[in-house]
Amino acid sequence: MGDVLGWRKLLGVIAPSTNTVVQPDMERMRPAGVTNHFSRIYVEDPLALSNEDFIAGTTAIAENTLDAVRSVMTCKPDYLVLGMSAITFYGGVEGSRKWKRQVEELAGVGASTGAESVAAALHAYGAKTVSFVSPYYPVANAEVRNFLEESGFTVKRDVPLECRRWTDIAKVGPDRLREVIEELDGDDVDAIVQVGTNLSMVDLAAEYEAKLGKPVIAINTATYWHALRAQGIADRIEGMGRLLAEY
């Protein structure tokens, strides 16, 4: 007999211990017969006052990820959803693949990263030119830009919000994000992307996708969508943007 609740798939979801957005976001996207099993990457919540502080903080997340993977694998999930963002962009396309490979080799199952999921979503939409917002510092936005450009997209603009604590990221409200979207949009941009998994933008992205008539991609939506499709789950999920509803 298979799993009574997760009779279609068991998904292991990995997120930093300071993250309060990934879990509720991905629970909303979960189809019947799929269950999410969260494992936390232990990380402190220090002040980030510089590019160097930000890189040190995200490096700590990368170093502790494997412990979280070992923990969640005890429930024998079919697949992993990696609900952390910055480190999946570091080192360009090859750096991202190398990091994912390390996780998959330990887990013995496949995984979806934020970086590859955003690229896959942009390709699905046929976008060529993009702009993006992050809660990061400029040094990490440079990594995102490099990854996107290596993936075949032209980055026109980006905004680093420079949140000073990991927990502050979840406190960025819709009014500030509306200002940012207006700044990022333009006739020269095919799609707008949001990275940073603790930045709550699933609903706002869907709202602006309809308003602007172009893709607005929240990274949590893209990553969960990528994981479902990778596992052969093609359910169309309404209310959280075109990606889950149409692709």
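**Exercise 1. How do α4 and α9 meet?**

Task: In this predicted model, describe how helix α4 and helix α9 are packed, starting with the angle at which the axes cross.

Solution. Start with the geometry. Helix α4 covers residues 114-125 and helix α9 covers residues 219-230; their axes come within 8 Å and cross at roughly 85 degrees. Angles of 65 to 115 degrees count as roughly perpendicular, so α4 is roughly perpendicular to α9.

Next, look up who makes the contact. From α4 come Gly-114, Glu-116, Ser-117, Val-118, Ala-120, Ala-121 and Ala-124, while α9 brings Ile-219, Ala-222, Thr-223, Trp-225 and His-226.

Finally, sort these residues by class: seven are nonpolar, four polar and one charged.

**Exercise 2. A second helix pair**

Task: Work out which residues of α3 and α5 make the contact between them, and find the angle at which their axes cross.

Solution. Take the axes to begin with. Those of helix α3 (residues 92-107) and helix α5 (residues 138-150) come within 7 Å, crossing at roughly 100 degrees. That value falls in the 65 to 115 range, so α3 is roughly perpendicular to α5.

Now the residues: α3 contributes Gly-92, Val-93, Glu-94 and Ser-96, and α5 contributes Glu-143, Asn-146, Phe-147 and Glu-150. Sorted by class, this contact has two nonpolar, three polar and three charged residues.

**Exercise 3. Reading an open sheet**

Task: Find the strand order of the four-stranded open sheet, say which strands stand at the edges, and place the helices α8 and α9.

Solution. Step one is the order, which is β6-β5-β7-β8, with parallel pairing. Step two is the edges: β6 (154-160) and β8 (216-218) each have a single partner strand, so one side of each lacks a neighbour in the sheet. Direction ignored, neighbouring strands are turned by 20 degrees against each other on average.

Step three zooms in on one pair. Strand β5 (residues 129-134) and strand β7 (residues 191-194) pair in the parallel sense over four bridges. You can check one of the residue partnerships by eye: Ser-131 has Ile-192 of β7 as its bridge partner.

Step four adds the helices. Helix α8 (residues 202-212) packs on the sheet and touches β7 and β8, its direction making about 170 degrees with that of β8. Helix α9 also lies across β7 and β8, but runs at about 75 degrees to β8.

**Exercise 4. Inside the core**

Task: Which residues touch the most other members of the largest nonpolar core?

Solution. The core has 86 residues, and the ones to pick out are Leu-80, Leu-122, Leu-148 and Leu-161. Now follow Leu-80 outward. Setting aside neighbours within four places in sequence, Leu-80 contacts Gly-12, Val-69, Val-72, Met-73, Val-103, Ala-107, Val-109, Gly-110, Ala-111 and Ser-112.

**Exercise 5. Positive phi, and a buried alanine**

Task: Is Lys-76 buried or exposed, and what are the settings of Glu-162 and Ala-245?

Solution. Take Lys-76 to start: this residue sits in the loop between α2 (51-72) and β3 (79-82), and has a positive phi near 60 degrees although it is not glycine. With a relative accessible area of 65%, Lys-76 is exposed.

Glu-162 has a phi near 55 degrees, again positive in a residue other than glycine. Its place is the loop between β6 and α6 (166-169), and its relative accessible area of 35% makes Glu-162 partly exposed.

Last comes Ala-245, found in helix α10 (residues 242-246). Buried means under 20%, so Ala-245, at 14% relative accessibility, counts as buried. Beyond its neighbours within four places in sequence, Ala-245 is in contact with Arg-236, Ile-237 and Glu-238.

Key. Residues numbered from 1 in each chain as written. Predicted model: local features only at pLDDT ≥ 70, side-chain atom pairs only at ≥ 80, totals over all residues. Heavy atoms only, no water. Axes fitted to C-alpha atoms, helices over the stretch in contact; angles between N-to-C directions. Helix = DSSP H or I, 4+ residues; strand = E, 2+ residues; numbered from the N terminus. Parallel < 35°, antiparallel > 145°, perpendicular 65-115°, else oblique. Contact = heavy atoms within 4.5 Å. Nonpolar A, V, L, I, M, F, W, Y, C, P; charged D, E, K, R; others polar. Core = buried A, V, L, I, M, F, W, Y, C linked by side-chain atoms within 4.5 Å. Buried < 20%, exposed > 50% of the residue type's maximum accessible area, 1.4 Å probe, protein only. Pairing = 2+ DSSP bridges.
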